[in-house]
4 protein chains.
Amino acid sequence: MAMTVKICMVGAGRVGKNHSDAIMGYVPGAQITAMVDPADAVLQATADEYGIEARFNSLEQALDRADFDAVVITTPTFTHRELALQAAAAGKHVFLEKPMAMNLEECDAIIEGTRKAGVHLQLGFMRRFEPEFAAAAERIAAGEIGDPMMVKSNTHGPGLPPAWARDLRTSNGMLAEVNSHDWDCVRWLMGSDLNRVYTEIADFKGKENNVDTPHFYDNVLVNIRFESGGIGIISGICPCGYGYDARTEIVGTKGIMQIGELKGQDILVCTNRDQGLVIPIQRRWQERFKQGYIGEFHHFVECIQKDQTPKVGGAEGRMAVAGVLAGTRSFLEERPVYMKEILEGK
Amino acid sequence: MAMTVKICMVGAGRVGKNHSDAIMGYVPGAQITAMVDPADAVLQATADEYGIEARFNSLEQALDRADFDAVVITTPTFTHRELALQAAAAGKHVFLEKPMAMNLEECDAIIEGTRKAGVHLQLGFMRRFEPEFAAAAERIAAGEIGDPMMVKSNTHGPGLPPAWARDLRTSNGMLAEVNSHDWDCVRWLMGSDLNRVYTEIADFKGKENNVDTPHFYDNVLVNIRFESGGIGIISGICPCGYGYDARTEIVGTKGIMQIGELKGQDILVCTNRDQGLVIPIQRRWQERFKQGYIGEFHHFVECIQKDQTPKVGGAEGRMAVAGVLAGTRSFLEERPVYMKEILEGK
Amino acid sequence: MAMTVKICMVGAGRVGKNHSDAIMGYVPGAQITAMVDPADAVLQATADEYGIEARFNSLEQALDRADFDAVVITTPTFTHRELALQAAAAGKHVFLEKPMAMNLEECDAIIEGTRKAGVHLQLGFMRRFEPEFAAAAERIAAGEIGDPMMVKSNTHGPGLPPAWARDLRTSNGMLAEVNSHDWDCVRWLMGSDLNRVYTEIADFKGKENNVDTPHFYDNVLVNIRFESGGIGIISGICPCGYGYDARTEIVGTKGIMQIGELKGQDILVCTNRDQGLVIPIQRRWQERFKQGYIGEFHHFVECIQKDQTPKVGGAEGRMAVAGVLAGTRSFLEERPVYMKEILEGK
Amino acid sequence: MAMTVKICMVGAGRVGKNHSDAIMGYVPGAQITAMVDPADAVLQATADEYGIEARFNSLEQALDRADFDAVVITTPTFTHRELALQAAAAGKHVFLEKPMAMNLEECDAIIEGTRKAGVHLQLGFMRRFEPEFAAAAERIAAGEIGDPMMVKSNTHGPGLPPAWARDLRTSNGMLAEVNSHDWDCVRWLMGSDLNRVYTEIADFKGKENNVDTPHFYDNVLVNIRFESGGIGIISGICPCGYGYDARTEIVGTKGIMQIGELKGQDILVCTNRDQGLVIPIQRRWQERFKQGYIGEFHHFVECIQKDQTPKVGGAEGRMAVAGVLAGTRSFLEERPVYMKEILEGK
């Protein structure tokens with residue numbers, strides 16, 4: 001039997017809990033042997049929940065004192081570069097949550113740092129491991145709908161993101177925190193890089209939520225032209241309230257494909273004909289992409305066990321960050337922004 | 001242009017209103033020129049609503065004094081034989097609501113009476129004119145799902161039927177009043193007559209509705225063996241409360257076909273992720289089969305204008321009545337009942 | 001009973017046939033008493049099909065020699081102004097297909113001409129009469145999903161439009177011919193005028209279809225900012241091949257609403273588990289909006305009979321044309337275009 | 001951390017492979033340490049696939065020479081009694097596939113044998129652990145649809161069962177092999193034992209499959225009356241060809257609930273408007289109930305680790321066998337059969 005991969009979970013918050021749940025519940029080839037979080041109460045609660053004994057307030061301490069093969073980094077974006085480089089320098093494989101980093105310089109540093117250390121780097125784009133998205137991508141690549149002409153990808157999340165995640169100084173806002181998966185998906189499914197983007201934003205709930213962050217928005221629509229000549233749209237709403245809504249539609253020269261739906265469990269009830277049919281919606285990202293989270297860790301573990309390069313890594317993370325930066329500049333400057341302005345530093 | 005067919009609507013209640021709505025709103029080739037109902041208040045209200053001036057308390061009076069080519073009979077089952085024979089004797093074409101009659105003797109009298117008078121007789125099996133059921137039947141007949149093996153047909157209605165419609169002395173109960181369409185549909189879609197039936201019934205809401213009719217039931221499941229060797233189920237619930245639910249599923253040697261769904265309008269709303277998606281249900285039979293009602297009257301009018309035999313007439317009505325009688329005998333005698341016991345009067 | 005409205009159908013092509021079908025088949029209050037088309041073969045064939053005896057090659061002739069109360073204009077856009085003004089001048093009510101006209105000057109002339117003549121003017125925005133769109137609009141207006149934040153409206157049509165309909169000299173291209181309904185719907189459903197638009201286009205099938213029209217495109221995505229602060233997208237593809245696809249999704253501060261779906265008839269079949277479930281798609285606009293077409297003519301007839309102003313007229317048609325012009329200027333100039341640039345002639 | 005439960009997989013065929021996949025892929029708390037199958041080629045292939053080194057041709061040998069805490073028995077029905085008793089006698093916990101046994105005497109022996117040995121007995125009714133069925137059952141029990149009145153449960157499987165599974169001498173045929181889950185589900189969801197059953201069967205594909213088993217049938221409909229007064233239907237088809245179809249619908253005094261659907265992955269494609277929408281169907285039971293299989297083993301492992309009684313055990317298995325026997329007697333004797341005839345040995 002293959003060796004059990006020992007993991008240090010860095011970050012014990014919502015994402016850290018979700019990933020601990022996936023690994024400890026459904027990934028026999030891995031074990032979380034250490035957990036890190038600077039917020040001690042959060043650390044103790046999550047580590048208790050998953051029965052993890054080795055607990056630290058910094059990755060540095062964990063690297064010193066605990067035994068593990070890889071880190072799973074789930075902390076805020078602005079910490080990614082430093083943590084990834086620390087882990088790589090210590091020879092640990094790196095699983096890094098999206099968005100990869102704050103800017104292209106940080107992305108490049110992480111790519112270079114893991115490459116030099118000879119460790120694997122996988123990005124947390126779990127949609128690539130969700131059975132439906134993965135099957136859809138294969139079918140598109142096989143030509144089932146012809147040449148992709150138009151893509152629409154949306155991620156609408158129920159609740160207000162934490163303050164750091166909507167402040168352009170500590171994150172790149174909703175386009176990064178909520179729509180990172182869309183940036184990656186549209187490239188992946190269209191089979192083309194982006195050429196230019198134009199963004200419209202709206203702010204409907206900032207006031208009622210006492211948000212005073214400059215440039216706050218809770219609705220965004222990005223119009224994209226691809227290098228292939230195709231076009232597309234990314235849609236983000238957060239908080240949308242009504243559920244966790246992540247769907248993609250793509251039209252090719254031969255036909256249309258829809259991936260995902262609003263519906264959660266296949267349970268339909270009607271107890272009032274004036275109200276109508278009631279069906280659970282996808283409520284939280286944890287449920288919506290549960291199979292994708294399990295799948296990405298099965299893949300990460302297998303890559304380590306068999307010394308294979310993960311299917312999705314630094315290059316994909318970097319392009320998603322570039323899209324976010326172009327989309328953000330577009331609404332700040334109220335004009336279409338070319339990707340080369342970002343990628344070539346113009 | 002073809003002549004306008006003048007119609008006398010016999011019965012101004014729920015069904016009479018529904019059919020007046022279909023004819024006056026959507027059938028340019030016909031006009032309701034007279035209306036009959038013994039209940040004067042109902043007659044005046046419905047005739048006012050549709051702008052019909054000639055109003056009578058009996059068909060006899062209408063035949064005497066008004067000008068029309070055809071009758072549409074929508075009164076209770078126990079009146080069908082007499083009204084149909086009266087109209088036929090006066091040379092009027094007959095559109096007769098289901099169930100055709102109380103028993104086979106009455107059916108035979110109606111078939112014979114209209115035949116002798118040389119008038120057309122169409123039964124109110126509107127599912128045969130509903131675009132979906134009609135298209136499905138054609139596709140099955142063309143062999144798309146192979147030889148039909150198993151059919152499931154259900155009609156669940158929201159409200160308690162009127163007293164006459166659940167009393168075995170004035171009607172044949174729910175199997176007749178609610179499930180007549182299913183008896184017709186399963187024969188039509190399976191392409192086979194019935195061989196024997198076995199019925200289970202349940203009474204859940206009789207008490208709370210103060211029903212004291214003997215043998216009252218509000219749930220019924222009929223297990224059917226067809227002459228073809230196929231099998232099937234008819235399901236009835238009334239009152240079911242939750243909507244008007246009429247769906248059919250049929251499995252053949254090559255595959256499955258489902259016809260119809262619970263959903264009403266294509267409007268999906270979610271405003272609460274703990275509740276989920278909300279979609280209108282089919283609420284009433286008037287909405288569920290609106291296209292079928294319009295279609296059956298287009299057909300009736302065309303048959304009169306072109307002197308063609310309606311697609312669905314006395315023979316179909318009679319076989320549905322036979323099924324009802326066999327199903328009823330089965331639950332009364334707690335045993336499977338062969339159709340020949342009914343058809344051959346054994 | 002109300003008087004029968006006599007109609008002259010102007011244009012005997014695809015739209016003229018569709019509207020004749022709706023009126024002659026389902027609108028008892030109206031009758032087509034004359035038909036006009038300069039292409040005589042088309043005129044004779046369609047007039048034969050619907051049994052219309054009075055046939056003319058110009059509206060002028062029809063006005064001279066035939067008896068009617070109203071015209072239904074279904075000819076190409078560049079003819080709308082002249083025909084509408086002719087009819088109005090003769091005291092005929094005007095039902096005018098979308099797009100209303102080529103530009104705002106023509107729209108203003110039509111509005112003024114019908115106003116002065118004291119005749120009714122209804123625009124062919126049948127979605128407003130489609131039961132689902134109409135119910136959805138009412139529910140939104142009643143606050144069910146809160147304040148509208150984001151709308152997505154798409155119309156994708158199966159086949160290549162005729163040459164005049166994709167040439168910017170005789171039409172305003174796909175944004176006008178295919179997406180006129182979307183321009184009207186987004187205003188209607190968002191309850192707000194548009195502030196600015198940004199358009200991306202793509203051309204995937206022009207070459208294989210030997211299209212040499214300048215600025216031809218077969219895919220378009222318009223990003224919209226509304227006066228209300230909301231945002232939205234209009235999506236057009238033609239030819240898309242796969243069916244007739246018209247759906248709208250709108251998210252408000254309280255939740256999401258989806259209107260319409262890809263599915264055509266409710267018939268689901270599976271005869272091969274490797275292929276999967278097969279369900280009819282909406283194939284043609286004639287089927288997709290059949291109820292809407294019938295409904296808009298019921299409304300037009302009722303407005304004439306009762307001398308009421310149609311719910312949707314010149315003002316709505318004019319704003320849709322303004323949107324088309326802004327969207328077109330945007331892709332020509334590769335920049336966001338403000339509606340006031342169009343409306344104020346800047 | 002809890003101890004790892006060591007499992008001996010008894011049976012290396014289709015079910016043995018499926019369960020090995022669930023345990024080795026998704027149940028970190030368990031490990032398959034031995035595998036048993038009398039067919040050596042099958043044993044070697046499956047053991048190779050899951051990396052299991054200890055391989056035996058009989059459970060006796062495995063008990064002698066290998067180290068494990070529990071057995072998972074996936075062999076044909078007629079072997080269940082002996083294997084379960086052997087394992088229990090050796091102090092091993094028992095996970096037993098459905099159907100529990102050939103008759104009530106065997107069920108009683110297994111229940112008694114495991115009780116005396118003080119080991120846990122869990123039946124392979126994975127629907128109870130499928131998130132949708134489990135959530136539905138809770139909602140029904142909480143009164144959401146009122147008192148259950150009518151249930152419909154179907155299991156249609158794609159391929160012809162192996163010869164032993166359709167021969168009434170080595171199995172109880174399709175009612176047992178395919179519909180065991182339905183017998184358990186209808187009791188569970190209706191919250192009531194069965195009172196009597198009536199069965200109709202059909203044989204459409206026996207001849208083309210060269211089946212010469214007496215009493216062979218490939219379609220079955222069982223009409224059920226429950227002790228509660230409710231009624232229901234169980235539907236079985238095998239081979240149905242079109243996919244793996246397991247759905248349940250239940251109507252209570254307050255409304256309707258549907259559980260499960262035909263659709264497999266949420267990927268909709270249309271590339272031909274004459275064909276329509278194409279959506280994957282549930283193809284195989286392994287995919288349809290993947291979450292249920294993982295869930296039942298998570299539960300089995302947890303019960304062993306925490307010494308808790310499994311939620312579904314011998315009592316449930318026994319009642320399902322009783323239903324099968326009553327249903328079979330009904331079609332053999334062509335009459336309704338009361339459960340007490342089976343349970344009281346009349």
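Which strands and helices do the buried residues of H6(B) pack against? In this predicted model, the partners within chain B are strand E7 (148-156), helix H9 (180-190), strand E11 (245-252), strand E12 (256-259) and helix H10 (285-288). Strand E13 (267-270) of chain C also belongs to that set, so the packing of H6(B) involves a second chain.

## Helix H6 of chain B

Helix H6 of chain B spans residues 131-141. Its buried residues are B:Glu132, B:Phe133, B:Ala135, B:Ala136, B:Ala137 and B:Ile140. These residues contact elements of chain B, among them E7 and H9, together with E13 of chain C. After the helix comes B:Gly143, which has a positive phi near 90°.

## Annotated domains of chain A

Two domain annotations for chain A come from an unreviewed UniProt entry. The record places "Gfo/Idh/MocA-like oxidoreductase N-terminal" at residues 6-125. In the model, this stretch of chain A is 46% helix and 22% strand. The C-alpha atoms at its two ends lie 21 Å apart.

The record assigns residues 138-337 of chain A to "Gfo/Idh/MocA-like oxidoreductase C-terminal". Over these residues the chain is 32% helix and 26% strand. Here the end C-alpha atoms are separated by 31 Å.

## Strand E9 of chain D and its neighbours

Strand E9 of chain D covers residues 219-226, and 7 of its 8 residues are buried. The strand is therefore largely enclosed by the rest of the structure. In a regular strand, side chains alternate between the two faces of the sheet.

E9(D) pairs with two strands of chain D. Strand E8 (residues 194-202) runs antiparallel to E9(D) and is joined to it by 8 bridges. Within this pairing, D:Leu194 has D:Phe226 of E9(D) as its bridge partner. Strand E10 (residues 231-237) is also antiparallel to E9(D), with 7 bridges between the two. D:Val222 stands opposite D:Ile234 of E10(D). The hairpin formed by E9(D) and E10(D) has 4 residues between the strands, and in it D:Gly229 adopts a positive phi near 100°.

## D:His181 in helix H9

D:His181 lies in helix H9 of chain D, which spans residues 180-190. Is D:His181 buried or exposed? Its relative accessible area is 6%, under the 20% limit, so D:His181 is buried. Leaving out residues up to four places away in sequence, D:His181 touches D:Lys98, D:Gly124, D:Phe125, D:Met126 and D:Arg127.

## Interface of chains C and A

Chain C and chain A each contribute 43 residues to their contact. About 3400 Å² is buried between the two chains, with carbon and sulfur atoms giving 63% of that area. On the side of chain C, the residues that lose the most area to chain A are C:Glu200, C:Phe204 and C:Leu221, which together account for 17% of what that side buries.

The interface of chain C and chain A holds 8 salt bridges. One of them joins C:Arg196 to A:Glu200, with the closest N and O atoms 2.8 Å apart. Between these chains there are also 14 residue pairs in polar contact. Six strands of chain C each supply at least two residues of the side that touches chain A: E7 (148-156), E8 (194-202), E9 (219-226), E10 (231-237), E11 (245-252) and E12 (256-259). E9(C) gives the most to this side, with 7 residues.

## Interface of chains B and A

The contact between chain B and chain A takes 20 residues from each chain. The two chains bury about 1600 Å² between them, and 59% of this is on carbon and sulfur atoms. B:Arg273, B:Leu277 and B:Arg283 supply 42% of the area that chain B buries against chain A, more than any other three residues.

How many salt bridges are counted between chain B and chain A? The count is 2. A:Asp274 and B:Arg283 meet through their side chains in a salt bridge, at an N to O distance of 2.7 Å. Polar contacts across the interface of chain B and chain A amount to 6 residue pairs. On the side of chain B that touches chain A, the elements giving two or more residues are strand E13 (267-270) and strand E14 (277-279) of chain B. E14(B) gives the most to that side, with 3 residues.

Note on methods:
Residues numbered from 1 in each chain as written. Chains lettered and ligands numbered in written order. Predicted model: local features only at pLDDT ≥ 70, side-chain atom pairs only at ≥ 80, totals over all residues. Heavy atoms only, no water. Buried < 20%, exposed > 50% of the residue type's maximum accessible area, 1.4 Å probe, protein only. Contact = heavy atoms within 4.5 Å. UniProt positions renumbered as here; feature names shortened; annotations may be inferred. Pairing = 2+ DSSP bridges. Buried area = accessible area lost by both parts, 1.4 Å probe. Salt bridge = Lys/Arg side-chain N within 4 Å of Asp/Glu carboxyl O. Polar contact = N/O pair within 3.5 Å; in protein donor to acceptor, adjacent residues only side chain to side chain.
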